[in-house]
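I sat down to look up two things in this model, its enclosed spaces and one helix pairing, and I kept my notes in the order in which I looked.

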Amino acid sequence: MAGTEADARSEGAGRSKAGVELREISGAGDAGGAGGASAAGAAAPVVGDRRPAARRGAVDPVKALMHRHRELCERAVDPLEIAAGLEAHGVTDRTAARFRHRDVFSLAEEMFARMPRDGETATPPDAETHSGTRADWAALALLPGALCAAAVVGLRLTDGQPRLAVAAAGALAVALGVRAALRRGPLHTTFRTTSGTRAWTCWLIAYALLGDGLLSAGVDGGPDGPWPPATAPVLALALACAPAAWCAHLFAVRARRRLNASRGLAEFADSVQPVLLGAFTLFLCALGGLLALCGAVLDEPAAYAGAGALGALLLLARLLTVHGFSHAPAVALGAAGAVEATALTTVFAGRLPGCSFLAGPVETVVGAWGPGAVPALACGAAALVLLIHSTRTLTRASAHATPSGAP
């Protein structure tokens, strides 16, 4: 009798201890937002070879975790989406070890298998490949370049008032073409783009067209009249919408394949980082070729540094936005646009009495490297920051939980 009471007390203590561990572990699953991953690691430390109590029975930590993330488990079409969602909520491989799993992927597989379903088999996103859909967004990606080329030809063939009308109509047509290209395919995003982001993007493109000429004229004491627009870099950027879409599609598809093959979060991050850098490099090569081609055809400076930095900034900003990271692109685009606006403002403000010192830094930069150095430095620094940020965010499994829009 005494032995039976002792066993009962032992069993009760074990269940109490398992309950405490369950609360610690399942609490880690809800750690999201700021500090989610660190909170998960702090809430579920691994001490020696300790493991939670039996998963089946009075205490089932996996079942509790499934209950806390029921919506995620119900809408997931494969275990990879559950793994990505858990990672987004702060669950790490170290946390998964408390559930007797070697990593988050293995834990997600059990959660997916144990989730009751209505008998309908969801089609994995990767299986939904429609050549017609791909042809649609591929054609739309070519639209901005075609419209911009037509506008440039119109500018070359007209003069005076008709030229202004052609320029206005061409700018409107290109803007509508870019909007159409961004509404379909791998550059499409379901996340809302702020008006500030759109405004700064338009400013950066307008500066690429007119900014260098105005800055050069301002440094020389002008402008005394109209200055020629830089149509070659803008045409190259418009044509680069097509390679940008294909590089984004390539990155999304390859990252999804790495997600299928990886068995851990660290392994996935290490395998997808070269894919990201490779797609980014491929786009830069394509943009460089387009800049050289447009400069030769239009007999204008290609502006490799300024237009190349702007193209890199716009691609990285769009990639981050497509995958759900919209704050950093907004800040980077705003900072680059503010630097360019400040450069122009200080040059003309330096003409005021006693304010000549304001124009000194910009005049020094322009005198040493030319007016193209201003957008090159501004957009290049912003693009570098976004590239570093992308290697940390776009290599997460949670960034690829669902397709980015491309089939």
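The entries below take the cavities and then the helix pairing.

**Entry 1, cavities.** I was working with a predicted model, and I began by asking how many cavities of 30 Å³ or more there are. The count comes to 2.

**Entry 2, the largest cavity.** I noted about 40 Å³ of space in the largest cavity, and I listed its lining as Arg192, Thr193, Thr194, Thr197, Thr321, Ser326, Pro329 and Ala330. Sorted by class, that lining has 5 polar, 2 nonpolar and 1 charged residues.

**Entry 3, the second largest cavity.** Here I found about 30 Å³ of space, lined by Trp137, Ala141, Ala181, Arg184, Gly185, Pro186, Leu187, Cys241 and Ala245. Helix H8 (131-157) and helix H12 (241-261) each give at least two residues to this lining, which by class comes to 7 nonpolar, 1 polar and 1 charged.

**Entry 4, H12 against H13.** Having met H12 at the second largest cavity, I asked at what angle H12 and helix H13 (residues 265-298) pack. The angle is about 165 degrees, and the axes lie 9 Å apart. An angle over 145 degrees counts as roughly antiparallel, so H12 is roughly antiparallel to H13. I recorded the crossing of the two helices as right-handed.

**Entry 5, the contact.** On the H12 side I wrote down residues including Pro243, Cys247, Leu250, Phe251, Arg254 and Arg258, and on the H13 side residues including Glu267, Phe268, Val272, Leu276, Leu282 and Phe283. The residues of this contact divide into 17 nonpolar, 3 charged and 1 polar.

Notes:
Residues are numbered from 1 along each chain as its sequence is written. This is a predicted model: local features need pLDDT of at least 70, side-chain atom pairs count only at pLDDT 80 or more; totals for chains, interfaces and linings use all residues. Side-chain values use heavy atoms; hydrogens and water are left out. On a 1 Å grid over the protein atoms alone, a cavity is a set of points where a 1.4 Å probe fits but cannot get out, and a pocket is an open set with protein on both sides within 12 Å along at least five of seven lines; lining residues have an atom within 4 Å of a point. Grid points are joined across faces, edges and corners, and a volume is the space filled by probe spheres set on the points. Ala, Val, Leu, Ile, Met, Phe, Trp, Tyr, Cys and Pro count as nonpolar, Asp, Glu, Lys and Arg as charged, and the others, Gly among them, as polar. Axes are lines fitted to C-alpha atoms, for helices over the stretch in contact, and angles run from 0 to 180 degrees between N-to-C directions. Angles under 35 degrees count as roughly parallel, over 145 as roughly antiparallel, 65 to 115 as roughly perpendicular and the rest as oblique. A crossing is left-handed if the near helix is turned anticlockwise from the far one by less than a right angle, and right-handed if clockwise. Contact means heavy atoms within 4.5 Å.
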